[in-house]
Amino acid sequence: MRIGLAVGDLRGPATAEELARQVRSAAERGLSSVWASQAFGWDALTALAVAGVQVPQIELGTAVVPVPQRHPLVLAGQALSVQAATGNRLTLGIGAGISMMVTDMYGLPADRPAARMREYLSILRPLLRGEAVSHQGETLTAVGQVGVATATPPPVLLAALAPAMLRLAGELADGTVTWMTGPRTLADHIVPSITKAAEAAGRPSPRLVAGLLVSVTDDEHGVRGRIAEQFGLAGQVPEYRAVLDRERAAGPQDVVIAGDETQVERQLRRLRDAGVTDFFAAPFGSPAEQDRTIEVIAALARTTRSRHGRRGTYGAR
């Protein structure tokens, strides 16, 4: 299991300089990847371009960009621009978005998310390959082509939980990326569902990327309490509530990784055993608390890399 790090708004407000520092710190510590989310601050793709051009080698991923408000021609151009700027290191994680935000903030329809996403991917993937499209479909019209010199098509991951979206991720994407999803749900539902879909479609084994809040702490109870306060509203959003219900969790505080070094290592092993191929940690707390967490996560990645000879790999099987 490769280990990466969340950067940007998920860890708190960040300047361009701080973004670059976070990415550089992850690279220098030997972590495999950095992941930017799309919220109400930095545009995730722009953030990765700004920081990525300053830091070579490390993989850059979005987790995730919601697509209803970005036409596939627009997103293809953005993704390929990041590819060209950063030496083709982008992994493009996309999702259907939180339905309440899609409708209330943007005035866009959010019904039939899997059907809409299937049509979206059928346009996006050819565009990322530089192919021209002429599509007049049920939910989208797209006529055109995108070309950015030196850019190669990035891998595409699809945020998925429901069976229909997991089948789609296995058939048309390169894997899935999850947030706030615990080991029980990953092992019993997400991993077997997407793997079965990929096999049925004759596609390679999918990539399974999981992201969780992480805190290396001597006050696990206190950390979980703070997370309940800061992220409690997320537990009321239907999309996240569905994830938490599958995990039998009362709220986000029940699916974080928290505890001392030994406890954190044990919880990471549970994710590996669930079938996760890549994990990204979103360090929680004050700058000092985040630094402690990052040091432990990086040490685990270094230790296992030396054992297995793979960059940032944790407990590879």
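This report describes one helix and several salt bridges in a predicted model.

## Helix α10

Helix α10 consists of 14 residues, 261-274. At 1.5 Å a residue, a helix of this length should span 20 Å, and its end C-alpha atoms are indeed 20 Å apart, so expectation and model agree.

The buried residues of α10 are Val264, Gln267, Leu268, Leu271, Arg272 and Ala274. Viewed down the axis of α10, these buried residues fall within an arc of 165°, and they therefore line one face of the helix. An α-helix has 3.6 residues a turn, so residues three or four places apart point the same way.

## The ends of the helix

At the N-terminal end, Asp260 acts as a cap for α10: one of its side-chain oxygens lies 3.2 Å from the backbone nitrogen of Thr262. Just after α10, Gly275 adopts a positive phi of about 110°.

## Salt bridges

Side chains of opposite charge can pair when their charged atoms come close. The structure holds 20 salt bridges. One of them joins Glu138 and Arg112, with 3.0 Å from N to O. This pair links distant parts of the chain, 26 residues apart: Glu138 is in the loop between β6 and β7, and Arg112 is in the loop between α4 and α5. Glu138 counts as exposed because its relative accessibility is 65%, whereas Arg112, at 39%, counts as partly exposed.

Another salt bridge connects Asp273 with Arg272, their closest N and O atoms being 2.6 Å apart. Asp273 is partly exposed at 44% relative accessibility, while Arg272 is buried at 14%. In addition, salt bridges that share partners join Arg2, Glu59, Arg207 and Asp278 into one network.

How values were computed: Residues are numbered from 1 along each chain as its sequence is written. This is a predicted model: local features need pLDDT of at least 70, side-chain atom pairs count only at pLDDT 80 or more; totals for chains, interfaces and linings use all residues. Side-chain values use heavy atoms; hydrogens and water are left out. Helices (H or I, at least four residues) and strands (E, at least two) are DSSP runs, numbered from the N terminus. The expected span of a helix is 1.5 Å times one less than its number of residues. Buried means under 20% relative accessible area, exposed over 50%, partly exposed in between (1.4 Å probe, protein chains only). The arc is that of the directions from the helix axis to the C-beta atoms. A polar contact is a pair of N or O atoms within 3.5 Å; within protein, one must be able to donate a hydrogen and the other to accept it, and residues adjacent in sequence count only if both atoms are side-chain atoms. A salt bridge is a side-chain nitrogen of Lys or Arg within 4 Å of a carboxyl oxygen of Asp or Glu.
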